[in-house]
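Colleague: Could you take a close look at one part of this model for me, the long-ish run that I keep scrolling past? I'd like the geometry first, then whatever sits around it.

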Amino acid sequence: KRLILIGPPGSGKGTQSPLIKDEYCLCHLATGDMLRAAVAAKTPLGVKAKEAMDKGELVSDDLVVGIIDEAMKKPSCQKGFILDGFPRTVVQAQKLDEMLEKKGTKVDKVLNFAIDDAILEERITGRWIHPSSGRSYHTKFAPPKVPGVDDVTREPLIQRKDDTVEVLKSRLEAFHRQTEPVIDYYYKKGIVANLHADKPPKEVTAEVQKALS
Ligand code: AP5
Ligand code: ZN
């Protein structure tokens with residue numbers, strides 16, 4: 001399947017992705033994870049992306065479309081994929097359609113992680129991530145077995161630089177202004193499935209499975 005996950009910061013995209021990936025054996029491409037890796041490695045791409053990311057603004061369409069175009073060439077992404085955090089503007093959605101059209105394919109389903117803004121602050125400020133795998137935990141909702149340590153690798157967990165109350169405000173603003181129109185774009189194509197992303201993780205997973213069956 002060719003899937004897109006759309007939702008505001010903290011809505012659970014990254015949490016649900018690995019579960020979907022394991023079940024359907026797809027390639028998982030998260031532009032946020034890829035950009036954070038580029039920033040950490042101080043690559044030319046990372047240097048360009050850092051300023052916008054720190055402020056909670058979107059990185060330019062050209063940069064992220066370039067990353068996705070490159071990543072989609074991987075053999076593991078030929079039969080299906082999960083895009084987490086892309087497309088986030090209508091221009092990105094159009095570019096993706098063009099990219100897929102060239103290969104004679106299209107997006108099958110868009111999972112819309114619908115949730116009230118009010119819930120997101122607690123989710124974002126309690127999140128701890130394992131940077132190299134992208135796994136995320138929550139001090140209250142999904143605590144690791146040992147505090148501050150990744151369950152699988154035993155490596156230390158960190159907090160994201162943009163996970164502050166202040167930066168969350170601009171991320172939410174960017175979501176409403178630039179990304180919500182993308183949901184409409186896919187509504188018109190009739191491929192959006194709405195999820196109750198405010199429910200506990202397992203219930204959201206069940207809704208995802210239902211939407212994909
Ligand atoms: P990105 O990394 O995509 O961040 P985001 O969209 O803000 O989303 P998050 O990762 O914050 O949320 P999530 O939905 O994955 O939540 P999670 O599952 O971890 O982007 C970062 C930045 O990169 C952007 O601001 C931008 O600058 C740039 N960028 C990226 N893509 C771009 C693009 N296409 N174009 C331009 N710029 C781009 O869950 C959050 C927390 O809640 C966790 O602690 C988790 O354990 C917990 N949790 C999850 N589900 C539940 C639940 N059901 N109940 C209770 N707790 C839960
Ligand atoms: Zn995420």
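Modeller: Let's take helix H7, residues 165–187, and check its length, bearing in mind that this is a predicted model. With 23 residues at 1.5 Å a residue, H7 should span 33 Å, and its end C-alpha atoms are 31 Å apart, so the two values agree. H7 isn't straight, though: there's a bend of about 40° at His 176. As for burial, Leu 168, Arg 171, Phe 175, Thr 179 and Val 182 of this helix are buried.

Now the sheet. Five strands make up an open sheet, ordered S2-S3-S1-S4-S7, with parallel pairing. At its edges sit strand S2 (27–30) and strand S7 (192–196), each of which pairs on one side only. On average, neighbouring strands in this sheet are turned by 20° against each other, ignoring direction. S7 runs parallel to strand S4 (residues 109–114), and 5 bridges join the two. If you want a spot to click on, Val 110 has Val 192 in S7 as its bridge partner.

Then there's ligand 1, which you'll probably care about. It is surrounded by 35 residues, the closest being Pro 9, Gly 14, Gly 32, Gly 85 and Arg 127. Elements giving two or more residues to that shell are helices H1 (13–24), H2 (31–40), H3 (44–55) and H8 (201–212), plus strand S6 (135–138). Sorted by class, the shell around ligand 1 holds 14 nonpolar, 14 polar and 7 charged residues.

Key:
Residues numbered from 1 in each chain as written. Chains lettered and ligands numbered in written order. Predicted model: local features only at pLDDT ≥ 70, side-chain atom pairs only at ≥ 80, totals over all residues. Near = placed C-beta within 6 Å. Helix = DSSP H or I, 4+ residues; strand = E, 2+ residues; numbered from the N terminus. Nonpolar A, V, L, I, M, F, W, Y, C, P; charged D, E, K, R; others polar. Pairing = 2+ DSSP bridges. Axes fitted to C-alpha atoms, helices over the stretch in contact; angles between N-to-C directions. Expected span 1.5 Å × (residues − 1). Bend = angle between axes of the 7 residues up to and from the residue. Buried ≥ 20, exposed ≤ 12 C-beta atoms within 10 Å, placed from the backbone.
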